[in-house]
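Here is a colleague's note for someone opening this structure for the first time. Please keep the sequence and the model side by side while reading the points.

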Amino acid sequence: MADLWAFAPRSVHRVFRPPTRLLVQTYFDLSVTGRKNVPASCPVIIASNHFSHLDPPLISSNLDRNPRFLSVDDLFGQLLSFDMFMAFWETIPLDRDWYPVRAMRTAIYHLFACNLLVLFP
């Protein structure tokens with residue numbers, strides 16, 4: 001069952017990426033440059049400016065790989081459906097008030113597996 005849970009976000013991302021990309025480019029007049037510079041299999045960290053709650057879906061829809069996001073832990077625990085959504089997308093909670101050792105270990109593990117990590121500094 002754990003394998004299915006890990007497979008689900010990648011599948012959903014793969015299915016919804018093309019229509020979401022089209023929707024984003026149509027309604028938000030978004031142009032993406034440099035997409036070809038993101039390696040297909042090497043570990044990547046994308047550091048982006050954070051303007052709204054739409055940033056993660058906008059970034060995710062324009063990547064050809066399944067990203068994991070670092071997110072402050074203040075967002076968790078407010079609404080069960082939001083927590084489930086964040087867990088489904090494998091968001092890494094980042095402790096803002098203390099040393100984020102667990103989040104950093106998880107992020108490093110994810111990068112060692114040649115995956116993509118998105119953070120908003």
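The points below take up the pockets, an aromatic pair, the cysteines and a loop proline, in a model that is predicted.

1. The largest pocket is a sensible place to begin, and its volume comes to about 740 Å³. Its lining is made up of 27 residues, of which Pro56, Pro57, Phe69, Met86 and Thr91 lie closest to the centre of the pocket. Several elements take part in this lining, since α1 (2–27), α2 (55–61), β2 (67–72) and α3 each contribute at least two residues. Sorted by class, the lining of the largest pocket holds 17 nonpolar, 9 polar and 1 charged residues.

2. The second largest pocket encloses about 290 Å³ of space, and among the 15 residues that line it, those closest to its centre are Val32, Leu58, Ile59, Asn62 and Leu63. Helix α2, which also supplies at least two residues to the lining of the largest pocket, gives the most to the lining of the second largest pocket, with 3 residues. By class, the lining of the second largest pocket comprises 7 nonpolar, 6 polar and 2 charged residues.

3. Thr91 deserves a closer look, being one of the residues closest to the centre of the largest pocket. Thr91 sits in the loop that runs between α3 (80–88) and β3 (92–94), and with a relative accessible area of 13% it falls under the 20% limit and therefore counts as buried. When residues up to four places away in sequence are set aside, Thr91 touches Phe69, Ser71, Phe76 and Met86; of these, Phe69 and Met86 are also listed among the residues closest to the centre of the largest pocket.

4. Phe69 brings us to the aromatic rings, for which a search of the whole structure finds 2 pairs. In one of them, the rings of Phe69 and Phe120 have centres 6.3 Å apart and planes at 10°, so this pair counts as stacked. Because Phe69 belongs to strand β2 while Phe120 lies in the segment after β4, the pair ties together parts that are 51 residues apart in sequence. Both Phe69 and Phe120 are buried.

5. What does a search of the whole structure find in the way of disulfides? The search finds 0 disulfides, and the case of Cys42 shows why: the closest cysteine sulfur to that of Cys42 is in Cys114, at 6.3 Å, which is too far for a bond when the cut-off is 2.5 Å. Cys42 is partly exposed, with a relative accessible area of 40%.

6. Cys114 also merits attention for its backbone, which has a positive phi of about 60° although the residue is not a glycine. Most residues other than glycine have a negative phi. Cys114 is located in the loop between α4 (101–112) and β4 (116–119), and at 36% relative accessibility it counts as partly exposed.

7. Finally, Pro100 is found in the loop between β3 and α4, where its relative accessibility of 27% places it in the partly exposed class. Leaving aside its neighbours within four places in sequence, Pro100 is in contact with Leu94 and Asp95. Where does Pro100 stand with respect to Ser61, which is 39 residues apart from it along the chain? The C-alpha atoms of Pro100 and Ser61 are separated by 28 Å.

Definitions and conventions
Residues numbered from 1 in each chain as written. Predicted model: local features only at pLDDT ≥ 70, side-chain atom pairs only at ≥ 80, totals over all residues. Heavy atoms only, no water. Helix = DSSP H or I, 4+ residues; strand = E, 2+ residues; numbered from the N terminus. Buried < 20%, exposed > 50% of the residue type's maximum accessible area, 1.4 Å probe, protein only. Contact = heavy atoms within 4.5 Å. 1 Å grid on protein atoms, 1.4 Å probe; cavity = no way out; pocket = protein on both sides within 12 Å on 5 of 7 lines; lining within 4 Å. Points joined across faces, edges and corners; volume = space filled by probe spheres on them. Nonpolar A, V, L, I, M, F, W, Y, C, P; charged D, E, K, R; others polar. Phe/Tyr/Trp six-rings, centres within 6.5 Å; stacked < 30°, edge-to-face > 60°.
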